[in-house]
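Q: I should like to learn how to read the local and packing features of a structural model. May we work through one together?

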Amino acid sequence: MSEQVQLLSQSVGYGILVGVGGAFAIGMIFTTKFLSKYLHENHKSTETFAVANRNVGTALTTSAVYSSWSWATELLLTSTMVYNYGIQASYFYGAGISIQIAVMALLGIHAKKKIPQAHTSLEIISLRYGKAVHIIFLFICLVNNLFACSSMIVGAAGAISIIAGNLHIVASMMLIPFSVLLYTAFGGLKATFITDFVHTLILLLVLVILNTAVLTSDLIGGINGLYDKIRAHEGDRYIDGNYQGSYLTGKSHGSIIFGLLLLFGNLGLCIMDSSFWQKTFSADQRSTVPAYLTSAVLIFSNVWPLGAIIGGASLVISKTDIWPTYPREMTDYEILSGFVLPYTLKAIVGNGGCGAILLVIYLAVTSTVSAQLISVSSIVSFDIFKRYFRPDADNKQMIWVSHVTVIIFGLFASGFSIMLHYVGTNMTWLGYFTPLLSCPGVIPMIFAITWSKQSWLAALVAPIAGLVSGIAVWCGVAYGFSGELSIESLGGQLPCLYGVMTAMILPGVVSIVISLIQNQTFDWGVFQSLELEVAPDDESDGSARYSAKHNEIEEIIEVSSQANERSLNFWIKVATFAVIFILLVTWVLWPLPLYRNWIFTKAYFNGYVTVGLIWLYSTLLIVGIWPLWVGRRSFMIVARGLIHDYRQAKSNRWKKQELPLPESSAVSSGNETLK
């Protein structure tokens, strides 16, 4: 820790954490007010706060989904794993997260068909299996939320602290949730969608600039120069498990183990995180599958070029005198904490590159924290407060609980992150450990919405068996390999992989066996007949208070009933095919033929990098620019409303001063309407 280098001044770090954070908070609060005033979106409604009124279109949903899988640790871990295991590690990162998005598309469209009025994934569990199973899944989901949020804060805070002049990591951990608490508590899920879009647009612009700047720099010399320099520096370090110890081989044992950990682990992270379900609930019925599958294809843009270009550059320059730690090598702490990325950018691009990646890391982690705050607040308000304490809670009470939960959980997650730091964990360790806590519920959760045969007993026993067995295997394998149980031994790849696979697969086996023995069949029509009560709107805006039974829920169910059954079934088939197709392409047809005694040729590497850049630029157009075009009419309505209000205010000032109005300041009559 004492050997860490200083990349930028502390003032830059505080400027990002406080200045940019505060600007975003103020901007999102005003945006929420504008949406409420000019587009008539009621941010004081639980339906708006939790599921954005279920009418978000394809463009904005695509951007929000892409942002949901654009984690701060993703950018840092990609460079770290390329440095540790070679270029192929970045490919497996993309493969490990692409399939999860496709799976969520399938689960989301099933939920649209069977229980369109849901607010959280736990409501599905509660309605189908009752209190005992609900409490088990409630525990798993909240623990998953806590560790997912805290691990992102730990990873991002570590990177921010090293970039920003050794800014104290505790200060970073406390300031990261600062702005998020404000705009999330005020605007709810719709504010999160908007900030996700802004964050993603900035992220993609920065990635385009940085990848291009590194590749075209004199130190690298383009794609051919990068390939030649990587080949020339392969003797600097031999990578165990790689063919001939090469950086440029598809036969990389460490890369594929890392990819499998992501495949299993992040399935647990996503499926047991209600925030990912809430984005499917909030999307328009016709937007869910297209938005998710588009993001599943495009998500490679974050890690594919970054790993090949910036990760590859780190392999070239990490032993040279331009490396920030030169003449010493990086410590294990620096590598595992994700400092490879900022060190590489400092060496090649300079302070501008460090400042850009600092901004991106901050925006990425705040997007994650915001989603976690919405998820936990929705769980507490719908699955705890309303479910067990106040079944007749009205809209005002529900919103109050949501706001309080956002604040309490944000502060608690910050404190929990500080604790994780001081007990010696790091970004990589937490990335390996968290799946052990979330994976036991994955297959039972999937069965809850897709398989009518899963019984109540199976849903109760399976996750408990998976949690206990997964932790036992993790500890047992770690002790068997090292002879001790410690942070270091428990953070090894193989102990974590064996533990995660046990935690994931065993509950599926247990659930299937118990369910087939009991031979029960659940009637999906029960979901349609049960009433998920939504808190009635308050009367503060002059609107009538509606009961959940007779208005909001009936309206939602009516819309769902009118939905084309054939359309829903079509999208289910599309999503099912997409899951199988993406799994086969990303884990069989592409990587396995490369897992042989072969080193990438220059032609293959050139094609790999070129296609990665095309993917990145295309993603910028689809995810970053498309929502702006689709939302142009809403922008115009808000702009006209602001201009009208400005002119009205100016007119009123003239009247108060009892001065005649200039002809140019004449305003329309009070009956003017915005068109």
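A: Let us begin with accessibility. Gln-244 is exposed, since its relative accessible area is 53% and the cut-off for exposed is over 50%. The model is a predicted one.

Q: Where is Gln-244 found, and what is its phi?
A: Gln-244 belongs to the loop between α9 (222–232) and α10. Its phi is positive, at about 55 degrees, although Gln-244 is not a glycine.

Q: Which residue other than glycine has a positive phi near 55 degrees in the loop between α22 and α23?
A: That residue is Asn-519, with phi near 55 degrees. Asn-519 sits in the loop between α22 and α23 (525–529). Is Asn-519 buried or exposed? Its relative accessibility is 54%, so Asn-519 counts as exposed.

Q: What should one record for the peptide bond that joins Tyr-326 and Pro-327?
A: One records the isomer and the omega angle. The bond between Tyr-326 and Pro-327 is cis, with omega about 15 degrees. Pro-327 is placed in the loop between α13 (300–317) and α14 (332–336).

Q: How many helices and strands does the chain have, and what share of its residues is buried?
A: The chain has 28 helices and 0 strands. Of its 675 residues, 60% are buried. Sequence separation adds a further view: among contacts with a separation of 6 or more, 84% are between residues 24 or more positions apart.

Q: How does one describe two packed helices?
A: Two packed helices are described by the angle between their axes together with the distance between those axes. Take helix α4 (residues 72–85) and helix α16 (residues 351–389): they pack at an angle of about 130 degrees, and their axes are 7 Å apart. That angle makes α4 oblique to α16.

Q: Which residues meet where α4 packs on α16, and how do they divide by class?
A: From α4 come Ala-72, Leu-75 and Leu-76; from α16 come Val-360, Ile-361, Ala-364 and Val-365. By class, this contact of α4 with α16 has 7 nonpolar residues, no polar residues and no charged residues.

Q: How do the axes of α10 and α22 lie, and is their crossing left-handed or right-handed?
A: The axes of helix α10 (residues 253–271) and helix α22 (residues 493–518) cross at roughly 35 degrees and come within 10 Å. The crossing of α10 and α22 is left-handed. Residues of α10 that take part include Gly-254, Ile-257, Phe-258, Phe-264 and Gly-268. Among those they meet in α22 are Gln-493, Leu-497, Met-501 and Ile-505. The contact of α10 with α22 has 13 nonpolar, 4 polar and no charged residues.

Q: How should one read a residue in a loop between two helices, with Ser-70 as the case?
A: One takes its place, its accessibility and its contacts in turn. Ser-70 lies in the loop between α3 (58–68) and α4. Because its relative accessibility is 5%, Ser-70 counts as buried. The side chain of Ser-70 reaches the backbone oxygen of Tyr-66 at 2.8 Å. Another polar contact, of 2.8 Å, joins the side chains of Ser-70 and Asn-302. With neighbours within four places in sequence set aside, Ser-70 is in contact with Leu-203, Ile-299, Asn-302 and Ala-364. Ala-364 also appears in the contact of α16 with α4.

Q: How many residues of α3 are buried?
A: Helix α3 is mostly covered, with 9 of its 11 residues buried. Among the buried residues of α3 are Ala-59, Thr-62, Tyr-66 and Ser-68.

Q: Which residues does Thr-619 touch, and is Thr-619 buried or exposed?
A: Thr-619 lies in helix α27 (residues 602–630). Its relative accessible area is 0%, so Thr-619 is buried. Not counting residues up to four places away in sequence, Thr-619 touches Tyr-66, Leu-204, Leu-298, Ser-301 and Gly-624. Tyr-66 thus links two of our cases: its backbone oxygen is reached by the side chain of Ser-70, and Tyr-66 is touched by Thr-619.

Q: What separates the C-alpha atoms of Val-297 and Ala-102?
A: Those C-alpha atoms are separated by 8.9 Å, while the two residues are 195 residues apart along the chain. Val-297 lies in helix α12 (residues 288–298). With a relative accessible area of 40%, Val-297 is partly exposed.

How values were computed. Residues numbered from 1 in each chain as written. Predicted model: local features only at pLDDT ≥ 70, side-chain atom pairs only at ≥ 80, totals over all residues. Heavy atoms only, no water. Axes fitted to C-alpha atoms, helices over the stretch in contact; angles between N-to-C directions. Helix = DSSP H or I, 4+ residues; strand = E, 2+ residues; numbered from the N terminus. Parallel < 35°, antiparallel > 145°, perpendicular 65-115°, else oblique. Contact = heavy atoms within 4.5 Å. Nonpolar A, V, L, I, M, F, W, Y, C, P; charged D, E, K, R; others polar. Buried < 20%, exposed > 50% of the residue type's maximum accessible area, 1.4 Å probe, protein only. Polar contact = N/O pair within 3.5 Å; in protein donor to acceptor, adjacent residues only side chain to side chain. Left-handed = near helix turned anticlockwise from the far one by under 90°.
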